[in-house]
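Biologist: I'd like to go through the labels on this model and hear what earns each one. Can we put every value next to its cut-off?

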Amino acid sequence: MKTRLYRTGAAVLAALLLGGVVVYSMLNRRTLYTTTWFDLFDTVSVVKGYARSQAEWDAQMDALHDDLLHYHQLFDIYNHYDGMVNLYDVNAQAADDPVAVDEDLYRFLDWCVNTIYPLTDGATNIAAGSVLKLWHDARESDSPAPPEDEAIQQALAHISIENLQLDEQAQTVFFTDPAMSLDVGAVGKGYAVEQAAEAAEARGLDSALLNIGGNLRAIGEKANGEGRWTVGVENPWNNDPAYIQTVSLEPGYSLVISGDYQRYFEYEGVRYAHLIDLTTGYPARYCSSTAILAPSQGGGYADALSTALFCLPEAQGRAVLDAADGYEALWMYADETTAQSDGWPGQPAQ
């Protein structure tokens, strides 16, 4: 009798405990939300993630958008914004006198010059605005056509990073070459996404996936025990399926992709992409696309590396990658073959 009562009591206790777990899980279960923006970095931005309420999610998204918009304006080379000195202002004034900038912009420029430029063997060079402007204007014209070779060669004479003078004590920027200009399109978005993601984490956002124009950044994992965020590597060859591989992102990891199918124009049957080989001044043609997987807090480096590896021969790109500890890469070629670094974790898309 005592044994039967003990078993009955144990069963009741187990049922109560199980019921408590179920109730706790239901009370703490979070809902998946999605937010889309169209006013950042001239691209579509989508953030999805989990929160306990719409109000909680909206508050986090408002703060995240504010941070991203700050960097969008700070790095804009086409427009001035009241209340800040941005890259438009620097390009307009820095050839005449040193321009004082705020800490955010100075820290970013210093990082581009002293870390990113040497890390990428000069393939990611923010001082290459004179060349990039030629191709931007050609791409955006009513009748796109490649710039004249003479204009390209003249522009290449004004992309030396040594002519970008940064004064840390005064926090100023100065051009010793009046024809030089800055363009941070190769690295600015990745840097901004990483900075904004880290700020969101500090505010308590712990389960989200940022997709800012193809720059993917995981914050935590999916909620409710659903595992890691899984993202796709786009098919660059305009064929089905839409993705050729999938990658599972650990918390804080980023995936950044550069390709010749994103921004380009065609002229006389030839595609001219926006990613420029700065050794020639013409669009790089080594591959169709490159994907970089970055470790936690490495999204800014990933953006720079994806551009660099697209604009370098694979052997040179592998040497650059080897010097960037913890980063992995996938190269996708025009003949629809691929190559990858030893630790690349991508899996065939289903």
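Modeller: Sure, let's start with an easy one.

Biologist: Why is E268 called exposed?

Modeller: Its relative accessible area is 69%. Exposed means over 50%, buried means under 20%, and partly exposed is in between, with a 1.4 Å probe and protein chains only. At 69%, E268 is therefore exposed.

Biologist: Before we go on, what are we looking at?

Modeller: This is a predicted model, in which local features need pLDDT of at least 70, side-chain atom pairs count only at pLDDT 80 or more, and totals for chains, interfaces and linings use all residues. Residues are numbered from 1 along each chain as its sequence is written, and side-chain values use heavy atoms, with hydrogens and water left out.

Biologist: Where is E268, and what makes its backbone worth a look?

Modeller: E268 is in the loop between β11 (264–267) and β12 (270–273); strands here are DSSP runs of E with at least two residues, helices are runs of H or I with at least four, and both are numbered from the N terminus. Phi of E268 is near 50 degrees, which is positive in a residue other than glycine. Most residues other than glycine have a negative phi.

Biologist: What about F41: buried or exposed?

Modeller: Buried, because its relative accessible area is 13%, which falls under the 20% limit. F41 has a positive phi too, about 55 degrees, although it is not a glycine. Its place is the loop between β1 (31–40) and β2.

Biologist: And what makes G227 partly exposed?

Modeller: Its value of 23%. That is in between the two limits, so neither of the other labels applies. G227 is in the loop between β7 (215–220) and β8 (229–234). Leaving out neighbours within four places in sequence, G227 is in contact (heavy atoms within 4.5 Å) with E221 and K222.

Biologist: How do you know that S45 is buried?

Modeller: Its relative accessible area is 0%, so it passes the under-20% test. S45 is in strand β2 (residues 43–51). Beyond four places in sequence, it touches T35, T36, W37, L40, N211, I212 and G213.

Biologist: How many residues of the protein are buried, as a share?

Modeller: Buried residues make up 47% of the 350.

Biologist: What makes a patch of them a nonpolar core?

Modeller: The members must be buried Ala, Val, Leu, Ile, Met, Phe, Trp, Tyr or Cys, joined through side-chain atoms within 4.5 Å. The largest such core has 74 residues, and F75 and F108 have the most contacts inside it. Helix α4 (residues 103–119) gives the largest share, nine residues. F108 touches F75, V184, V187, G188 and Y191, again leaving out residues up to four places away. A second, separate core has 20 residues, including Y50, V231, L330 and M332.

Biologist: Now the helices. Why are α7 and α8 called roughly antiparallel?

Modeller: The axes of α7 (residues 188–202) and α8 (residues 299–310) cross at roughly 165 degrees and come within 7 Å. Axes are lines fitted to C-alpha atoms, for helices over the stretch in contact, with angles from 0 to 180 degrees between N-to-C directions. Under 35 degrees is roughly parallel, over 145 roughly antiparallel, 65 to 115 roughly perpendicular, and the rest oblique. So α7 and α8 are roughly antiparallel.

Biologist: Which residues meet there?

Modeller: G188, K189, G190, Y191 and E194 in α7 meet G299, G300 and D303 in α8. By class, that is one nonpolar, four polar and three charged; Ala, Val, Leu, Ile, Met, Phe, Trp, Tyr, Cys and Pro count as nonpolar, Asp, Glu, Lys and Arg as charged, and the others, Gly among them, as polar.

Biologist: Why do α4 and α8 get the oblique label?

Modeller: Their axes cross at roughly 50 degrees and come within 10 Å. That angle is in none of the three named ranges, so the pair is oblique. W111, T115, I116 and L119 of α4 meet G300, Y301, A304 and L305 of α8, with six nonpolar, two polar and no charged residues.

Biologist: And what makes α5 roughly antiparallel to α6?

Modeller: The axes of α5 (residues 129–140) and α6 (residues 149–156) cross at roughly 155 degrees, and over 145 is what the label asks for. So α5 is roughly antiparallel to α6. The contact is made by S130, V131, L134 and W135 of α5 and A151, I152, A155 and L156 of α6.
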